[in-house]
Amino acid sequence: MLAPEGLGPATIVVEGERIAEVRNSMDVPSGAALHDFGDLVLAPGLIDTHVHINEPGRTEWEGFATATRAAAAGGVTTLVDMPLNCIPETTEVKALGAKRAAANGQAWVDWAAWGGVVRGNADALQPLAKAGVAGFKCFLIHSGIDGFAWVDERDLYLAMEQLRGSGLPLLAHAEVAGPVDAATAKLKGNGADWRKYSTYLASRPDEAETEAIALLIRLGEKFNVPVHIVHLSSARALPLIADARDRGLPITVETCTHYLWFAAEEIADGATEFKCAPPIRGAANREALWNALGEGLIDMVTTDHSPCPPEMKRRDPNHELPRWDQAWGGIAGLGLALPVLWTAMRRRGVCMDRLGDWLGAAPARLAGLAGRKGALAAGCDADLVVFDPDATWTVEASDLHFRHKLSPYLGAELQGRVLETWLRGERIFRHGDQCEFVGSPRGKEQVRA
Ligand SMILES: [Zn+2]
């Protein structure tokens with residue numbers, strides 16, 4: 001069992017939807033129905049706090065039914081949905097209502113919603129907080145979606161005044177436009193080849209991240225609002241974050257599975273399924289991210305699952321290589337975090353017990369779900385993953401349960417496989433000879449405590 005105290009044998013006593021008790025040995029209450037998982041690893045249901053479900057409005061990109069099936073198959077029992085790419089964007093209470101209506105009866109796992117901070121919606125933030133969003137997300141650079149306007153320092157002032165004292169975190173896409181615009185203009189002036197990954201990488205320099213993070217730290221300190229950096233890619237920002245932590249700022253950081261698994265050196269020209277922002281950087285940067293995770297400077301890992309129809313990646317086999325500047329930015333990887341990270345951890349000699357923090361406890365705290373989700377402990381929901389750490393497999397399209405099967409993880413050789421997923425005391429997924437979703441969608445929205 002993967003418990004807050006580490007790995008060891010255990011009996012988990014479930015009553016109804018909750019964990020009643022955790023016993024440290026084979027000690028089954030009389031009369032209980034026993035499910036014996038032998039030497040397999042039993043972990044808390046995982047929490048992915050960075051997912052673009054895209055429904056309502058762009059269900060042809062992704063939707064509740066498909067996203068939550070992908071989650072269940074990957075041992076993820078709680079998703080937190082990003083406020084953009086859906087229509088309407090979750091930037092006012094009415095839109096949250098539309099989101100709830102869209103989820104109704106479709107979710108295989110539990111979910112929660114982030115609200116959005118956009119230019120001009122400061123007055124909508126407190127009503128959204130009261131209506132139950134887990135926190136707020138903003139962009140400091142164009143989001144890729146015109147309906148989700150990015151914010152500057154003045155907008156952030158207005159938003160932070162509203163959030164001050166609420167305890168809700170402000171999540172930020174931490175890239176600013178200046179360095180990206182300057183680098184892009186220079187590349188265009190030099191006639192750079194936009195089919196090459198190196199051109200795209202050069203267009204999103206590290207400075208865009210470090211400047212954004214410095215700004216967020218400054219404002220977080222001024223207003224004493226918890227700041228969360230989503231999808232940190234550049235290891236060069238780590239010293240800034242360490243300093244801010246030392247000064248007591250409540251700053252948390254996530255990185256994503258793709259930054260920990262892939263490296264720029266391995267990305268082929270035209271392979272736009274790897275396009276995301278900030279970009280996947282070099283192998284040395286990747287190792288620095290692993291070190292920061294090890295030290296606890298990076299708190300958690302998400303997938304930032306942000307898929308699109310394949311046409312938008314411009315991957316047409318009959319045409320020439322697609323241009324990186326014309327493809328949608330977003331990687332499809334929901335449900336793969338556990339085996340991908342475990343494979344990478346084995347190579348680096350990292351102990352499995354760290355996964356409980358990165359994929360369970362830390363995201364639960366961020367989303368206000370600690371004590372209910374993300375741990376195998378008495379009183380928590382009985383959300384469980386049965387994981388075989390030694391199974392080896394190669395990712396094929398048939399293993400992917402999200403809507404579109406275009407993913408940079410196709411062909412990845414992984415160690416470790418999710419065999420079963422349980423949501424609030426009931427099995428919802430089983431991987432035997434084939435994948436089987438059990439029962440019907442009974443996921444519920446989880447509102448911040
Ligand atoms: Zn995202």
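Is Phe223 buried or exposed? Good morning, colleagues. Before I answer, please keep in mind that the structure above is a predicted model. Phe223 is buried, with a relative accessible area of 4%. I shall begin with this residue and its surroundings, and then turn to a helix contact, further aromatic residues and one loop.

Phe223 belongs to helix 7, which spans residues 206-223. Its aromatic partner is Tyr157, located in helix 4, residues 153-163. The two residues are 66 positions apart, and their pair thus links distant parts of the chain. How are the two rings arranged? A pair of aromatic rings is described by the distance of the centres and the angle of the planes. For Tyr157 and Phe223, the centres are 5.3 Å apart and the planes stand at 85°, so the pair is edge-to-face, the cut-off being over 60 degrees. In accessibility, Tyr157 is partly exposed, at a relative accessible area of 29%, whereas the corresponding value for Phe223 is 4%, which is buried.

Phe223 has a charged companion as well. The charged end of Lys222 sits over the ring of Phe223, at 5.7 Å from the ring centre. A similar arrangement concerns Trp194: Lys188 lies over the face of that residue, 5.1 Å from the centre of the ring.

Let me place the pair in the wider aromatic picture. The structure holds 12 aromatic pairs. In addition, Trp108, Phe429 and Phe437 come together as one aromatic cluster.

I now move to the helices. At what angle do helix 10 and helix 11 pack? Helix 10, residues 283-295, and helix 11, residues 337-348, pack at about 90°, and their axes are 13 Å apart. The range from 65 to 115 degrees counts as roughly perpendicular, and the two helices are therefore roughly perpendicular to each other. On the side of helix 10, the contact involves Arg286, Glu287 and Trp290. These meet Leu341, Ala344, Met345 and Arg348 of helix 11. By class, the contact residues of these two helices comprise four nonpolar, no polar and three charged.

Finally, I turn to Ser25, which lies in the loop between strand 4, residues 18-23, and strand 5, residues 41-44. Ser25 is partly exposed, with a relative accessible area of 35%. Which residues does Ser25 contact, leaving aside its neighbours within four places in sequence? They are Pro9, Ala10 and Thr11. Pro9 is 16 residues from Ser25 along the chain, and the C-alpha atoms of these two residues are separated by 5.8 Å.

Thank you for your attention.

Technical notes:
Residues numbered from 1 in each chain as written. Predicted model: local features only at pLDDT ≥ 70, side-chain atom pairs only at ≥ 80, totals over all residues. Heavy atoms only, no water. Axes fitted to C-alpha atoms, helices over the stretch in contact; angles between N-to-C directions. Helix = DSSP H or I, 4+ residues; strand = E, 2+ residues; numbered from the N terminus. Parallel < 35°, antiparallel > 145°, perpendicular 65-115°, else oblique. Contact = heavy atoms within 4.5 Å. Nonpolar A, V, L, I, M, F, W, Y, C, P; charged D, E, K, R; others polar. Phe/Tyr/Trp six-rings, centres within 6.5 Å; stacked < 30°, edge-to-face > 60°. Buried < 20%, exposed > 50% of the residue type's maximum accessible area, 1.4 Å probe, protein only. Lys NZ or Arg CZ within 6 Å of the ring centre and 35° of its normal.
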